[in-house]
Amino acid sequence: MSFRLSYRADPGNPWFSWQYVRDNSDTILAAVREHASLTGRAVLIAVLIAVPLSVLAYWVRPLAGPILAVSGVVYTIPSLALFAFIAPYLGTGTTTVLVGLVLYALLLIVRNVVAGLNQVPPEVREAAEGMGYGRWGRLFRIDLPLALPGVVTGVRLATVSTVALVTVGVLVGHGGLGQLIFAGFQNNLYKAEIMTATLLCVALAVVLDLLLILVARLVTPWSTGRAR
Amino acid sequence: MTVAANPVGQAIVWINDPLNWTNPGGMLDRLGEHLTISALAVALGCLVAWPLGLWLGHVGRGGGVVVLVSNATLAIPTLALLTILPVVFASGFGKTPVVVALAVFAVPPLLANAYTGVRQVDPEAREAARGMGLSGGQLLRRVELPLAVPYLAAGFRTAAVQVIATAALASFVNGGGLGQIIRTGFGLGIAAGGGQIVAGGVLVAGLALLAEVVLGGVERLVTPRPLRRGRQRLGRPRPADATGNA
């Protein structure tokens, strides 16, 4: 009897506990939902901005250098500093996190889309012109489809790194699963909480990456090799 | 949603207050902490990654391992590693766990570049060295290593900039560094601490950009002149690039 009592009194600090997961499923699910929604929205907005920007860099050659240089500099700015610049203006809401995430994702995607567009063979471009394609027709029928592998690479990189980056949103109180990691740290290093959130974070990155690979296979049926 | 009136103005005022420089926990203290943690982490990373990368490159195997390491660290949030390592070390919240966590993120670029650096050595140069009677170890030390130096420098720059950027997150686990200034600012609330938040951001970003520029110069210096043109990001695989700010 006393053994049981002492066992109950000291639940220990296990690396993983189903008890924790069961008791906190609401909190965990909410965190996963916030994490996934922040990632999804950030990558989506980033794609919508990055693709036109890349086309601009592709069409107007003198702009390519500056666009890539500026993205390089912004990318060097640490995430914490970037959030620190945004927060005083946008407050401590999800918007701040979203803007920061979009900026980083944007740079990764632009870099890869520009690379993808630049590797369209000049012969193909000339052939398209010879066939009477105009600027826009060539873009949508020739250039962008051929640059699709670059787009996919950029989106995949951006997605995986955005999933990891969301956790820094803890700074303004919207870090998705990072919120749990940080709470576990403050809660006297509650390992089960930290571990659960970390594993879910990595799992989310892997699942989203696999989904994107699948999407890439579907939209580029001609590339039978591994989608890179 | 409290928004500061004029964060930039407040930041200039905050930076111009001499007490904010010299106070305990002021800018100079935090800068010292930041640089110490970063230097130790990069040194630890080099100690592990360079011998391994050079050796893997020398024997010409393990390319898969190198890619795997880069991809795996890409998905692990920095915050998670910073939080987990103090538990593993069970030594409380000293500098050691933070340094080890940061070193983990320094390894992929160092490893990848050391590996590529040795692999890209002209096979003919290797054959010639063999023909001159050099043993495996001598070949690595006298031929492959010197030829890999530009790559090692490129990896060092990427890793160092990354660690300096990531070290800002050490503040979440009370590890000190310049990130602490930002965190303290948030602790005051955005209306009161807006200036300090922006000032901290300027310091963190400035340090990262400064490291990038200075180490870029070092990289140029150690790259033999004929190899300099048109090789900005020496053999750096893109995936590792993305770990920079996580």
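This is a quick talk through a predicted two-chain model, from the chain contacts to the core.

Housekeeping before we start: residues count from 1 along each chain as its sequence is written, and chains are lettered from A in the order they're written, with ligands numbered from 1. Since the model is predicted, local features need pLDDT of at least 70 and side-chain atom pairs count only at pLDDT 80 or more, while totals for chains, interfaces and linings use all residues.

Okay, the interface. We've got 39 residues of chain A in contact with 41 of chain B, contact being C-beta atoms, placed from the backbone, within 7 Å. On the chain A side, H5(A) gives the most, 8 residues; helices here are DSSP runs of H or I, at least four residues, numbered from the N terminus. That side of chain A splits into 28 nonpolar, 10 polar and 1 charged, with Asp, Glu, Lys and Arg as charged, Ala, Val, Leu, Ile, Met, Phe, Trp, Tyr, Cys and Pro as nonpolar, and the rest, Gly among them, as polar.

Now chain B. UniProt, in an unreviewed entry, puts transmembrane regions at several spans, including 96–115 and 148–173; such annotations may be inferred rather than shown by experiment. Residues 96–115 of chain B are 100% helix, end C-alpha atoms 27 Å apart. For 148–173 of chain B it's 73% helix and 37 Å.

And who does Ala114(B) touch? Leaving out residues up to four places away in sequence, its partners include Trp50(B), Leu54(B), Tyr151(B) and Leu152(B).

Terms used:
Helix = DSSP H or I, 4+ residues; strand = E, 2+ residues; numbered from the N terminus.
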